Amino acid sequence: MSGTSLHTGEKVSLKLHPATVDHGIKFKRKDLPDEPIIDAKIDNLKMVERATTIGEGSVRVHTVEHVLAALSAMDVDNAIVEMDANEPPIGDGSAQPYVDLIKKAGVTAQEEPRQFFDVRESMHVESKTGALLVLLPCETFRISCTQAGPNNRFAQFLSMEITPATFEREIAPARTFVYYEDVQPLMEKNLIKGGSLENAIVVRGEAVLSKEPLRFADEFVRHKILDIIGDLALAGRRIRGHIVAVKPGHAANAELARALAREQTRRSAMSGSRAIPIGDAGLDTGEVMKILPHRYPFLMVDRVIGFEGENKITAVKCITINEPFFQGHFPGHPVMPGVMQVEAMAQVASLLLFKLTKTTNRIGYFMSADGVKFRKPVFPGDTMFIHAELTRSRGERMAKTKCYCVVNDAVVSEGELMFTFLDK
Ligand SMILES: [Zn+2]
(Lines give C-alpha, C1' and ligand atoms only; values in the text may rest on other atoms or scores of the structure.)
Protein backbone atom coordinates (compact mmCIF):
# COMPACT_ATOMS: atom_id res chain seq x y z
CA MET A 1 0.00 0.00 0.00
CA SER A 2 1.05 3.60 -0.57
CA GLY A 3 0.14 6.75 1.25
CA THR A 4 1.33 9.67 3.29
CA SER A 5 3.47 9.48 6.38
CA LEU A 6 2.07 11.35 9.35
CA HIS A 7 5.17 13.17 10.53
CA THR A 8 6.93 14.16 7.32
CA GLY A 9 3.91 14.32 5.05
CA GLU A 10 5.90 12.51 2.35
CA LYS A 11 4.84 9.63 0.13
CA VAL A 12 5.61 6.19 1.50
CA SER A 13 4.89 2.70 0.29
CA LEU A 14 4.67 -0.37 2.49
CA LYS A 15 4.90 -4.00 1.49
CA LEU A 16 4.28 -7.05 3.68
CA HIS A 17 6.43 -10.11 3.02
CA PRO A 18 6.05 -13.59 4.49
CA ALA A 19 8.75 -14.81 6.88
CA THR A 20 9.92 -18.08 8.36
CA VAL A 21 9.00 -19.65 11.69
CA ASP A 22 10.47 -17.78 14.71
CA HIS A 23 11.30 -14.77 12.56
CA GLY A 24 8.84 -12.48 14.33
CA ILE A 25 7.84 -9.13 12.89
CA LYS A 26 10.65 -7.02 11.49
CA PHE A 27 10.71 -3.67 9.70
CA LYS A 28 12.95 -3.15 6.69
CA ARG A 29 14.03 0.34 5.60
CA LYS A 30 14.40 -0.05 1.85
CA ASP A 31 15.24 3.62 1.43
CA LEU A 32 18.52 3.40 3.37
CA PRO A 33 21.87 1.96 2.29
CA ASP A 34 22.15 -1.76 3.12
CA GLU A 35 18.41 -1.82 3.82
CA PRO A 36 18.67 -2.12 7.63
CA ILE A 37 16.22 -4.32 9.51
CA ILE A 38 14.68 -3.41 12.84
CA ASP A 39 13.22 -6.07 15.06
CA ALA A 40 9.78 -5.16 16.43
CA LYS A 41 10.87 -5.92 19.99
CA ILE A 42 10.47 -3.91 23.14
CA ASP A 43 14.27 -3.76 23.55
CA ASN A 44 14.30 -1.57 20.45
CA LEU A 45 11.77 0.92 21.82
CA LYS A 46 13.02 4.47 21.40
CA MET A 47 10.12 6.86 21.92
CA VAL A 48 6.54 6.79 23.12
CA GLU A 49 5.44 10.40 22.59
CA ARG A 50 2.20 10.45 20.57
CA ALA A 51 3.27 7.32 18.69
CA THR A 52 5.56 4.36 19.23
CA THR A 53 9.03 4.55 17.71
CA ILE A 54 11.50 1.69 17.52
CA GLY A 55 15.07 1.73 16.28
CA GLU A 56 18.48 0.13 16.15
CA GLY A 57 21.64 2.20 15.98
CA SER A 58 20.70 5.45 14.26
CA VAL A 59 17.89 3.89 12.21
CA ARG A 60 14.33 4.63 13.30
CA VAL A 61 10.82 3.51 12.41
CA HIS A 62 8.02 5.71 13.74
CA THR A 63 4.33 5.03 14.41
CA VAL A 64 4.62 1.24 14.28
CA GLU A 65 1.59 0.53 16.49
CA HIS A 66 -1.21 0.36 13.93
CA VAL A 67 0.49 -2.02 11.51
CA LEU A 68 1.69 -4.13 14.46
CA ALA A 69 -1.84 -4.25 15.89
CA ALA A 70 -3.21 -5.46 12.57
CA LEU A 71 -0.53 -8.14 12.15
CA SER A 72 -0.86 -9.35 15.72
CA ALA A 73 -4.66 -9.37 15.87
CA MET A 74 -5.00 -10.95 12.43
CA ASP A 75 -2.86 -13.87 13.66
CA VAL A 76 0.36 -13.05 11.83
CA ASP A 77 3.43 -14.08 13.86
CA ASN A 78 6.12 -13.82 11.19
CA ALA A 79 6.41 -11.08 8.58
CA ILE A 80 8.70 -8.44 7.11
CA VAL A 81 7.26 -4.95 6.89
CA GLU A 82 9.20 -3.29 4.11
CA MET A 83 9.00 0.49 3.77
CA ASP A 84 10.74 3.20 1.76
CA ALA A 85 10.50 5.78 4.55
CA ASN A 86 10.81 5.98 8.33
CA GLU A 87 7.08 5.57 8.94
CA PRO A 88 4.21 3.49 7.56
CA PRO A 89 1.54 5.29 5.55
CA ILE A 90 -1.00 6.69 8.01
CA GLY A 91 -3.97 5.63 5.86
CA ASP A 92 -7.20 6.79 7.46
CA GLY A 93 -5.65 6.78 10.94
CA SER A 94 -6.98 3.31 11.73
CA ALA A 95 -5.69 -0.25 11.23
CA GLN A 96 -8.25 -0.97 8.52
CA PRO A 97 -5.91 -0.52 5.52
CA TYR A 98 -3.43 -3.01 7.03
CA VAL A 99 -6.16 -5.52 7.78
CA ASP A 100 -7.33 -5.26 4.16
CA LEU A 101 -3.77 -5.82 2.99
CA ILE A 102 -3.28 -8.89 5.21
CA LYS A 103 -6.60 -10.36 4.09
CA LYS A 104 -5.75 -9.75 0.46
CA ALA A 105 -2.41 -11.54 0.83
CA GLY A 106 -3.81 -14.33 2.99
CA VAL A 107 -2.34 -16.00 6.05
CA THR A 108 -0.65 -19.42 6.06
CA ALA A 109 -0.24 -21.78 9.00
CA GLN A 110 3.37 -22.71 9.69
CA GLU A 111 4.74 -25.97 11.04
CA GLU A 112 5.72 -24.88 14.56
CA PRO A 113 3.14 -24.42 17.31
CA ARG A 114 2.58 -20.82 18.35
CA GLN A 115 4.12 -19.67 21.62
CA PHE A 116 1.86 -17.91 24.10
CA PHE A 117 2.46 -15.85 27.17
CA ASP A 118 0.07 -17.27 29.74
CA VAL A 119 -0.70 -14.88 32.53
CA ARG A 120 -0.25 -16.86 35.75
CA GLU A 121 -0.56 -14.08 38.27
CA SER A 122 -1.75 -10.51 38.07
CA MET A 123 0.74 -7.87 36.97
CA HIS A 124 0.24 -4.14 36.65
CA VAL A 125 1.92 -0.94 35.56
CA GLU A 126 0.96 2.55 36.57
CA SER A 127 2.12 5.91 35.28
CA LYS A 128 2.24 9.38 36.80
CA THR A 129 -0.24 10.56 34.19
CA GLY A 130 -2.93 8.30 35.64
CA ALA A 131 -2.61 5.38 33.23
CA LEU A 132 -3.15 1.98 34.82
CA LEU A 133 -2.81 -1.38 33.08
CA VAL A 134 -3.59 -4.58 34.92
CA LEU A 135 -2.98 -8.01 33.43
CA LEU A 136 -5.05 -10.87 34.83
CA PRO A 137 -5.16 -14.61 34.10
CA CYS A 138 -7.68 -15.49 31.40
CA GLU A 139 -7.91 -18.30 28.88
CA THR A 140 -8.44 -15.91 25.98
CA PHE A 141 -6.99 -12.54 25.01
CA ARG A 142 -9.35 -9.93 26.38
CA ILE A 143 -9.13 -6.16 26.79
CA SER A 144 -11.32 -4.02 29.02
CA CYS A 145 -10.49 -0.37 28.53
CA THR A 146 -11.60 2.93 30.01
CA GLN A 147 -10.63 6.02 28.10
CA ALA A 148 -11.10 9.59 29.32
CA GLY A 149 -9.94 12.84 27.80
CA PRO A 150 -8.97 16.06 29.60
CA ASN A 151 -11.53 16.92 32.31
CA ASN A 152 -12.96 13.43 31.71
CA ARG A 153 -14.47 14.50 28.42
CA PHE A 154 -15.45 11.57 26.17
CA ALA A 155 -15.19 8.99 28.93
CA GLN A 156 -15.84 5.63 27.30
CA PHE A 157 -15.58 1.97 28.31
CA LEU A 158 -15.44 -1.20 26.25
CA SER A 159 -14.61 -4.80 27.13
CA MET A 160 -14.13 -7.51 24.53
CA GLU A 161 -12.30 -10.64 23.56
CA ILE A 162 -9.80 -9.97 20.78
CA THR A 163 -9.94 -12.44 17.90
CA PRO A 164 -9.24 -11.80 14.21
CA ALA A 165 -13.01 -11.50 13.68
CA THR A 166 -13.74 -9.10 16.54
CA PHE A 167 -10.66 -7.05 15.75
CA GLU A 168 -11.58 -6.65 12.12
CA ARG A 169 -15.18 -5.73 12.88
CA GLU A 170 -14.94 -3.73 16.12
CA ILE A 171 -11.43 -2.36 16.53
CA ALA A 172 -9.53 -2.03 13.25
CA PRO A 173 -11.79 0.72 11.79
CA ALA A 174 -11.38 2.98 14.86
CA ARG A 175 -9.33 6.04 13.91
CA THR A 176 -6.67 8.03 15.70
CA PHE A 177 -8.05 10.94 17.67
CA VAL A 178 -6.26 13.98 18.98
CA TYR A 179 -7.15 16.90 21.19
CA TYR A 180 -6.88 20.24 19.50
CA GLU A 181 -4.90 21.71 22.40
CA ASP A 182 -2.32 18.92 21.96
CA VAL A 183 -1.89 19.17 18.19
CA GLN A 184 -1.93 22.94 17.84
CA PRO A 185 1.66 23.36 19.12
CA LEU A 186 2.77 20.47 16.88
CA MET A 187 1.19 22.07 13.84
CA GLU A 188 2.93 25.33 14.70
CA LYS A 189 6.25 23.48 14.88
CA ASN A 190 5.43 21.78 11.58
CA LEU A 191 5.81 18.34 13.20
CA ILE A 192 2.78 16.56 11.80
CA LYS A 193 2.92 17.57 8.17
CA GLY A 194 0.89 14.57 7.05
CA GLY A 195 -1.85 15.05 9.64
CA SER A 196 -5.27 16.01 8.34
CA LEU A 197 -8.94 15.46 9.06
CA GLU A 198 -8.68 12.54 6.63
CA ASN A 199 -6.47 10.53 8.95
CA ALA A 200 -7.40 11.76 12.39
CA ILE A 201 -10.35 12.91 14.42
CA VAL A 202 -9.72 16.24 16.11
CA VAL A 203 -11.53 16.97 19.35
CA ARG A 204 -11.93 20.67 20.10
CA GLY A 205 -13.89 21.32 23.26
CA GLU A 206 -17.06 19.32 22.87
CA ALA A 207 -16.80 19.34 19.07
CA VAL A 208 -15.59 16.38 17.05
CA LEU A 209 -13.98 17.41 13.76
CA SER A 210 -13.39 14.86 11.04
CA LYS A 211 -13.86 14.32 7.35
CA GLU A 212 -16.34 11.53 7.93
CA PRO A 213 -18.67 11.07 10.91
CA LEU A 214 -17.69 8.86 13.84
CA ARG A 215 -17.61 5.20 12.87
CA PHE A 216 -18.66 4.12 16.37
CA ALA A 217 -20.19 6.19 19.17
CA ASP A 218 -17.26 4.99 21.30
CA GLU A 219 -14.60 5.15 18.57
CA PHE A 220 -12.02 6.65 20.92
CA VAL A 221 -11.88 3.76 23.39
CA ARG A 222 -11.77 1.37 20.44
CA HIS A 223 -8.71 3.14 19.09
CA LYS A 224 -7.13 2.96 22.56
CA ILE A 225 -7.62 -0.82 22.44
CA LEU A 226 -6.06 -0.87 18.97
CA ASP A 227 -2.98 0.95 20.30
CA ILE A 228 -2.70 -1.44 23.27
CA ILE A 229 -2.68 -4.44 20.90
CA GLY A 230 -0.05 -2.81 18.69
CA ASP A 231 2.23 -1.74 21.53
CA LEU A 232 1.97 -5.09 23.31
CA ALA A 233 2.97 -6.87 20.11
CA LEU A 234 6.45 -5.58 21.00
CA ALA A 235 6.47 -8.05 23.92
CA GLY A 236 7.11 -10.68 21.24
CA ARG A 237 4.58 -13.24 22.29
CA ARG A 238 0.79 -13.55 22.12
CA ILE A 239 -0.91 -12.98 25.42
CA ARG A 240 -3.47 -15.26 26.97
CA GLY A 241 -4.80 -12.97 29.62
CA HIS A 242 -7.18 -10.13 30.39
CA ILE A 243 -5.87 -6.58 30.18
CA VAL A 244 -7.78 -4.03 32.22
CA ALA A 245 -6.66 -0.58 31.09
CA VAL A 246 -7.57 2.79 32.54
CA LYS A 247 -6.53 5.84 30.51
CA PRO A 248 -3.83 3.91 28.67
CA GLY A 249 -1.18 5.54 26.52
CA HIS A 250 1.86 4.46 24.55
CA ALA A 251 4.19 4.95 27.53
CA ALA A 252 2.17 2.73 29.87
CA ASN A 253 1.51 0.17 27.12
CA ALA A 254 5.23 -0.05 26.40
CA GLU A 255 5.97 -0.42 30.08
CA LEU A 256 3.63 -3.39 30.28
CA ALA A 257 5.26 -4.89 27.17
CA ARG A 258 8.60 -4.51 28.92
CA ALA A 259 7.29 -6.16 32.08
CA LEU A 260 5.98 -9.06 29.97
CA ALA A 261 9.30 -9.50 28.21
CA ARG A 262 11.09 -9.49 31.59
CA GLU A 263 8.68 -12.08 32.97
CA GLN A 264 9.25 -14.29 29.91
CA THR A 265 13.01 -14.11 30.46
CA ARG A 266 12.57 -14.93 34.14
CA ARG A 267 10.34 -17.89 33.33
CA SER A 268 12.72 -19.34 30.77
CA ALA A 269 15.56 -19.03 33.29
CA MET A 270 13.43 -20.86 35.86
CA SER A 271 12.54 -23.74 33.59
CA GLY A 272 16.17 -24.84 33.55
CA SER A 273 17.05 -27.86 35.66
CA ARG A 274 18.00 -27.30 39.24
CA ALA A 275 20.26 -29.63 41.17
CA ILE A 276 18.39 -31.55 43.82
CA PRO A 277 20.81 -33.28 46.21
CA ILE A 278 20.66 -36.99 46.92
CA GLY A 279 22.32 -39.06 49.60
CA ASP A 280 23.16 -38.11 53.14
CA ALA A 281 22.17 -34.48 52.79
CA GLY A 282 18.50 -35.41 52.69
CA LEU A 283 16.05 -38.28 52.64
CA ASP A 284 15.01 -40.18 49.55
CA THR A 285 11.46 -41.42 48.98
CA GLY A 286 12.14 -44.72 50.75
CA GLU A 287 13.46 -42.97 53.83
CA VAL A 288 10.56 -40.52 53.77
CA MET A 289 8.12 -43.44 53.69
CA LYS A 290 9.84 -45.10 56.65
CA ILE A 291 8.94 -42.04 58.71
CA LEU A 292 5.64 -40.91 57.24
CA PRO A 293 2.72 -43.34 57.19
CA HIS A 294 1.21 -41.57 54.16
CA ARG A 295 0.96 -43.45 50.88
CA TYR A 296 -0.36 -42.85 47.36
CA PRO A 297 -2.31 -40.76 46.60
CA PHE A 298 -1.64 -38.88 49.79
CA LEU A 299 2.15 -38.78 50.10
CA MET A 300 2.98 -35.17 49.25
CA VAL A 301 6.77 -35.34 49.63
CA ASP A 302 9.09 -36.82 47.02
CA ARG A 303 12.36 -36.12 48.74
CA VAL A 304 13.86 -34.14 51.61
CA ILE A 305 16.68 -32.12 50.11
CA GLY A 306 18.17 -30.68 53.22
CA PHE A 307 18.09 -29.82 56.88
CA GLU A 308 19.45 -26.55 58.15
CA GLY A 309 20.53 -26.90 61.75
CA GLU A 310 17.95 -28.60 63.94
CA ASN A 311 15.02 -26.38 63.15
CA LYS A 312 14.71 -26.14 59.37
CA ILE A 313 13.88 -28.52 56.58
CA THR A 314 13.39 -28.24 52.83
CA ALA A 315 11.65 -30.91 50.80
CA VAL A 316 10.53 -31.17 47.22
CA LYS A 317 7.36 -32.35 45.54
CA CYS A 318 7.15 -32.52 41.77
CA ILE A 319 3.64 -31.74 40.65
CA THR A 320 2.69 -33.77 37.60
CA ILE A 321 -0.49 -34.02 35.58
CA ASN A 322 -0.78 -37.58 36.96
CA GLU A 323 -1.73 -36.27 40.43
CA PRO A 324 -5.15 -37.78 41.08
CA PHE A 325 -6.66 -34.47 42.21
CA PHE A 326 -6.15 -32.86 38.80
CA GLN A 327 -8.88 -35.10 37.37
CA GLY A 328 -11.49 -33.16 39.27
CA HIS A 329 -9.69 -29.89 40.15
CA PHE A 330 -10.50 -28.83 37.47
CA PRO A 331 -11.29 -30.59 34.21
CA GLY A 332 -9.53 -28.62 31.48
CA HIS A 333 -7.91 -26.28 34.02
CA PRO A 334 -5.65 -28.26 36.38
CA VAL A 335 -4.75 -26.27 39.50
CA MET A 336 -3.32 -27.87 42.62
CA PRO A 337 -5.79 -27.56 45.52
CA GLY A 338 -4.52 -25.25 48.24
CA VAL A 339 -5.45 -27.77 50.93
CA MET A 340 -3.05 -30.26 49.32
CA GLN A 341 -0.30 -27.68 49.72
CA VAL A 342 -1.19 -27.38 53.40
CA GLU A 343 -1.04 -31.19 53.59
CA ALA A 344 2.43 -31.09 51.98
CA MET A 345 3.54 -28.51 54.54
CA ALA A 346 2.18 -30.68 57.37
CA GLN A 347 4.01 -33.77 56.12
CA VAL A 348 7.29 -31.90 55.74
CA ALA A 349 6.88 -30.35 59.18
CA SER A 350 6.25 -33.84 60.60
CA LEU A 351 9.51 -35.06 59.03
CA LEU A 352 11.34 -32.25 60.78
CA LEU A 353 9.70 -33.05 64.11
CA PHE A 354 10.46 -36.75 63.84
CA LYS A 355 14.08 -36.00 63.11
CA LEU A 356 14.13 -33.77 66.15
CA THR A 357 12.60 -36.31 68.49
CA LYS A 358 14.52 -39.18 66.85
CA THR A 359 11.55 -41.38 67.35
CA THR A 360 9.23 -43.02 64.91
CA ASN A 361 6.78 -44.70 67.24
CA ARG A 362 4.71 -41.57 67.45
CA ILE A 363 2.57 -39.84 64.93
CA GLY A 364 2.05 -36.11 64.60
CA TYR A 365 -1.52 -34.92 64.45
CA PHE A 366 -2.37 -31.63 62.96
CA MET A 367 -3.91 -29.37 65.62
CA SER A 368 -4.32 -26.06 63.89
CA ALA A 369 -3.42 -24.02 60.85
CA ASP A 370 -3.14 -20.27 61.25
CA GLY A 371 -2.45 -17.49 58.79
CA VAL A 372 -2.79 -19.78 55.79
CA LYS A 373 -2.44 -17.85 52.56
CA PHE A 374 -2.60 -19.08 48.99
CA ARG A 375 -0.67 -16.58 46.93
CA LYS A 376 -0.22 -18.15 43.51
CA PRO A 377 -1.68 -21.09 41.62
CA VAL A 378 0.36 -24.29 41.25
CA PHE A 379 0.17 -26.11 37.92
CA PRO A 380 1.26 -29.50 36.55
CA GLY A 381 4.98 -29.32 35.75
CA ASP A 382 5.78 -27.11 38.72
CA THR A 383 8.43 -28.21 41.19
CA MET A 384 7.28 -27.26 44.65
CA PHE A 385 9.87 -26.64 47.35
CA ILE A 386 8.41 -26.98 50.81
CA HIS A 387 10.13 -25.24 53.69
CA ALA A 388 9.27 -25.74 57.34
CA GLU A 389 10.81 -24.13 60.40
CA LEU A 390 10.20 -25.02 64.01
CA THR A 391 9.15 -21.85 65.81
CA ARG A 392 7.99 -23.23 69.17
CA SER A 393 7.88 -26.59 70.94
CA ARG A 394 6.73 -27.88 74.29
CA GLY A 395 8.63 -31.01 75.14
CA GLU A 396 7.74 -33.88 72.82
CA ARG A 397 4.04 -33.14 72.96
CA MET A 398 3.47 -30.01 70.93
CA ALA A 399 5.25 -28.07 68.19
CA LYS A 400 4.57 -25.02 66.08
CA THR A 401 6.05 -24.55 62.61
CA LYS A 402 6.11 -21.83 60.00
CA CYS A 403 5.83 -23.33 56.51
CA TYR A 404 6.15 -22.09 52.96
CA CYS A 405 5.62 -23.68 49.55
CA VAL A 406 7.75 -22.13 46.83
CA VAL A 407 7.53 -22.50 43.05
CA ASN A 408 9.94 -20.69 40.73
CA ASP A 409 11.37 -18.74 43.66
CA ALA A 410 7.99 -17.30 44.55
CA VAL A 411 5.96 -18.19 47.62
CA VAL A 412 2.78 -19.91 46.45
CA SER A 413 1.36 -20.68 49.91
CA GLU A 414 2.25 -20.35 53.55
CA GLY A 415 0.90 -21.06 56.98
CA GLU A 416 1.64 -21.67 60.66
CA LEU A 417 0.94 -25.27 61.56
CA MET A 418 0.67 -26.71 65.06
CA PHE A 419 1.05 -30.40 65.90
CA THR A 420 0.54 -32.68 68.79
CA PHE A 421 2.25 -36.06 69.11
CA LEU A 422 0.53 -39.26 70.03
CA ASP A 423 1.81 -42.82 70.24
CA LYS A 424 1.04 -44.85 67.16
ZN1 LIG B 1 -3.03 4.91 17.48
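Student: Does lysine 30 count as buried, partly exposed or exposed, and at what relative accessibility?

Tutor: The model is a predicted one. Buried means under 20% relative accessible area and exposed means over 50%. Lysine 30 counts as partly exposed, at a relative accessibility of 39%.

Student: Which residues does glutamate 35 meet in salt bridges, and how far apart are the closest N and O atoms?

Tutor: Glutamate 35 is itself partly exposed, with a relative accessible area of 30%. One salt bridge joins glutamate 35 to lysine 28, with the closest N and O atoms 3.6 Å apart. Another joins glutamate 35 to lysine 30, where the closest N and O atoms are 3.4 Å apart.

Student: How many residues apart in sequence are the parts tied together by glutamate 181 and arginine 153?

Tutor: The side chains of glutamate 181 and arginine 153 form a salt bridge, at 2.9 Å from N to O. Glutamate 181 belongs to helix 4 (residues 180-188), whereas arginine 153 sits in the loop between strand 12 (141-147) and strand 13 (156-161), so the parts that the pair ties together are 28 residues apart in sequence.

Student: Which partner of that bridge, glutamate 181 or arginine 153, is buried?

Tutor: Glutamate 181 counts as partly exposed at 38% relative accessibility. The cut-off for a buried residue is under 20%. With a relative accessible area of 12%, the buried partner is arginine 153.

Student: Which residues are joined into one network by salt bridges that share partners?

Tutor: The structure holds 22 salt bridges. Where salt bridges share partners, they join four residues into one network: Asp75, Asp77, Arg114 and Arg238.

Student: Why is helix 1 described as largely enclosed by the rest of the structure?

Tutor: Helix 1 spans residues 65-73. Its buried residues include Glu65, His66 and Val67. Helix 1 is largely enclosed because the buried residues number nine of the nine.

Student: What phi does aspartate 75 take?

Tutor: Aspartate 75 comes just after helix 1. Its phi is positive, at about 75 degrees.

Student: What is the arrangement of the four donor atoms around the zinc ion?

Tutor: The protein donors are His66 (NE2), His223 (NE2), Asp227 (OD) and Asp227 (OD), lying 2.1 to 2.7 Å from the zinc ion. A tetrahedral arrangement would need all angles between 85 and 135 degrees. The four donor atoms subtend angles of 53 to 150 degrees, which makes the arrangement irregular.

Student: How many residues apart in sequence are the parts that histidine 66 and aspartate 227 tie together?

Tutor: Along the chain, the donors of the zinc ion follow the spacing H-x156-H-x3-D. Both histidine 66 and aspartate 227 are buried. Histidine 66 lies in helix 1 and aspartate 227 in helix 5 (residues 219-232), so the separation of the parts tied together is 161 residues.

Student: Which element gives the most residues to the lining of the largest pocket?

Tutor: The largest pocket has a volume of about 1400 Å³. Its lining comprises 49 residues, and among those closest to the centre are Asp77, Arg114 and Arg238. Elements that each supply at least two lining residues include strand 2 (11-18) and helix 2 (96-105). The most, four residues, come from helix 1.

Student: Which element supplies the largest share of the lining of the second largest pocket?

Tutor: The second largest pocket has a volume of about 1200 Å³. Its 43 lining residues include Arg50 and Asp182, which are among those nearest the centre. The lining divides into 21 nonpolar, 15 polar and seven charged residues. The largest share, five residues, comes from helix 4.

Terms used
Residues are numbered from 1 along each chain as its sequence is written. This is a predicted model: local features need pLDDT of at least 70, side-chain atom pairs count only at pLDDT 80 or more; totals for chains, interfaces and linings use all residues. Side-chain values use heavy atoms; hydrogens and water are left out. Buried means under 20% relative accessible area, exposed over 50%, partly exposed in between (1.4 Å probe, protein chains only). Donors are N, O and S atoms within 2.8 Å of the metal (3.2 Å for Na, K and Ca); water is not among the atoms, so sites may look incomplete. Four donors count as tetrahedral if all angles lie between 85 and 135 degrees; four count as square planar and six as octahedral if opposite donors are over 155 degrees apart and all others between 65 and 115; anything else is irregular. On a 1 Å grid over the protein atoms alone, a cavity is a set of points where a 1.4 Å probe fits but cannot get out, and a pocket is an open set with protein on both sides within 12 Å along at least five of seven lines; lining residues have an atom within 4 Å of a point. Grid points are joined across faces, edges and corners, and a volume is the space filled by probe spheres set on the points. Ala, Val, Leu, Ile, Met, Phe, Trp, Tyr, Cys and Pro count as nonpolar, Asp, Glu, Lys and Arg as charged, and the others, Gly among them, as polar.
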